[in-house]
Amino acid sequence: LFWPAPPQLRRYLLHRFLTDSETLTKILKITLSAQAGDEGKDDVNLPSAGDVMEYLEVACRGRTETAAAKLGEALNVDAAAIHRILMDREGEALVVMLKAAGFPRSSVGDLLPALKRGEIALLAPERDTTELQTMFDTLSLNKARILLTYWNWAVRKAGPYAPVH
């Protein structure tokens, strides 16, 4: 539902998706413990802001597959899910990924306009970056991590997207 939606509907979907923070925390703990194979472990190693910027620069130079692989490894997400995010020029998915990566708020304002340039622009030229900055500011880290997990499950055909036998 998210990917083909226009920006206005995407904003609404992101705003309304799992609004209860207690539920978000429970889902995140279950997901992290299942991924780690260790009940109760909820530590997450986030990539450095410098690494994220480096990988996004690689993507802007036309090497999106390489960037997706590096970001996927850093975020423990399938490279195909990250590639889909990088190729979606509207920016909402990219904002979710940045938030899930723990990217600092102070750097987002400079990064977003830069992503409109390069051999491959990661954002459409007409995309309003102040709107994306606001989206980043209002999105919680837990919600971003859960959204990224859902998108990863969709690519892997796992979780609620697993085939029914």
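**Figure 1. Ala100 and its contacts.** Leaving out residues up to four places away in sequence, Ala100 touches Leu46, Leu75, Leu141, Ala144, Arg145 and Leu148. This is a predicted model, and Ala100 is a friendly place to start looking around it. The residue belongs to helix 6, and with a relative accessibility of 3% Ala100 counts as buried. Asn142 is 42 residues away from Ala100 along the chain, yet their C-alpha atoms are separated by 7.5 Å. Ile146 can be added to the view too: Ile146 and Ala100 are 46 residues apart in sequence, with 8.4 Å from C-alpha to C-alpha. Ile146 is found in helix 9 and is buried, its relative accessible area being 1%.

**Figure 2. The whole chain, for orientation.** Step back for a moment to see where these residues belong. The chain has nine helices and zero strands, so its elements, read from the N terminus on, run α-α-α-α-α-α-α-α-α. There are 165 residues in the chain, and 40% of them count as buried. Take the contacts between residues at least 6 apart in sequence: 66% of these join residues at least 24 apart.

**Figure 3. Helix 6 packed with helix 9.** Two packed helices are described by the angle between their axes and the distance between the axes. Here helix 6 (residues 92–100) and helix 9 pack at an angle of about 115°, and their axes are 8 Å apart. The crossing of helix 6 and helix 9 is left-handed. On the helix 6 side, look for Ala93, Val96, Lys99 and Ala100; in helix 9 they meet Leu141, Ala144, Arg145, Leu147, Leu148 and Trp151. Sorted by character, the residues of this contact are eight nonpolar, no polar and two charged.

**Figure 4. A lysine over a ring.** Lys99, one of the helix 6 residues in the contact with helix 9, also takes part in another arrangement. Its charged end sits over the ring of Phe136, at 4.4 Å from the ring centre.

**Figure 5. Tyr150 with Trp153.** A pair of aromatic rings is described by the distance of the centres and the angle of the planes. How many aromatic pairs does the structure hold? There is one, formed by Tyr150 and Trp153; the pair is tilted, with 5.3 Å from centre to centre and 50° between the planes. Both residues are in helix 9 (residues 141–156), and because they are three residues apart there, about one helical turn separates them. Tyr150 is partly exposed, with a relative accessible area of 22%.

**Figure 6. Thr129 in helix 8.** Find helix 8 (residues 129–138), where Thr129 lies. Is Thr129 buried or exposed? Thr129 is buried: its relative accessible area is 17%, and the cut-off for buried is under 20%. Setting aside its neighbours within four places in sequence, Thr129 is in contact with Leu112, Pro113, Lys116 and Leu123.

**Figure 7. Asn76 in a loop.** Most residues other than glycine have a negative phi. Asn76 has a positive phi, near 60°, and is a residue other than glycine. Where is Asn76 found? Look in the loop between helix 4 (64–75) and helix 5 (79–87). With 46% relative accessibility, Asn76 counts as partly exposed.

Terms used:
Residues numbered from 1 in each chain as written. Predicted model: local features only at pLDDT ≥ 70, side-chain atom pairs only at ≥ 80, totals over all residues. Heavy atoms only, no water. Phe/Tyr/Trp six-rings, centres within 6.5 Å; stacked < 30°, edge-to-face > 60°. Helix = DSSP H or I, 4+ residues; strand = E, 2+ residues; numbered from the N terminus. Buried < 20%, exposed > 50% of the residue type's maximum accessible area, 1.4 Å probe, protein only. Lys NZ or Arg CZ within 6 Å of the ring centre and 35° of its normal. Axes fitted to C-alpha atoms, helices over the stretch in contact; angles between N-to-C directions. Left-handed = near helix turned anticlockwise from the far one by under 90°. Contact = heavy atoms within 4.5 Å. Nonpolar A, V, L, I, M, F, W, Y, C, P; charged D, E, K, R; others polar.
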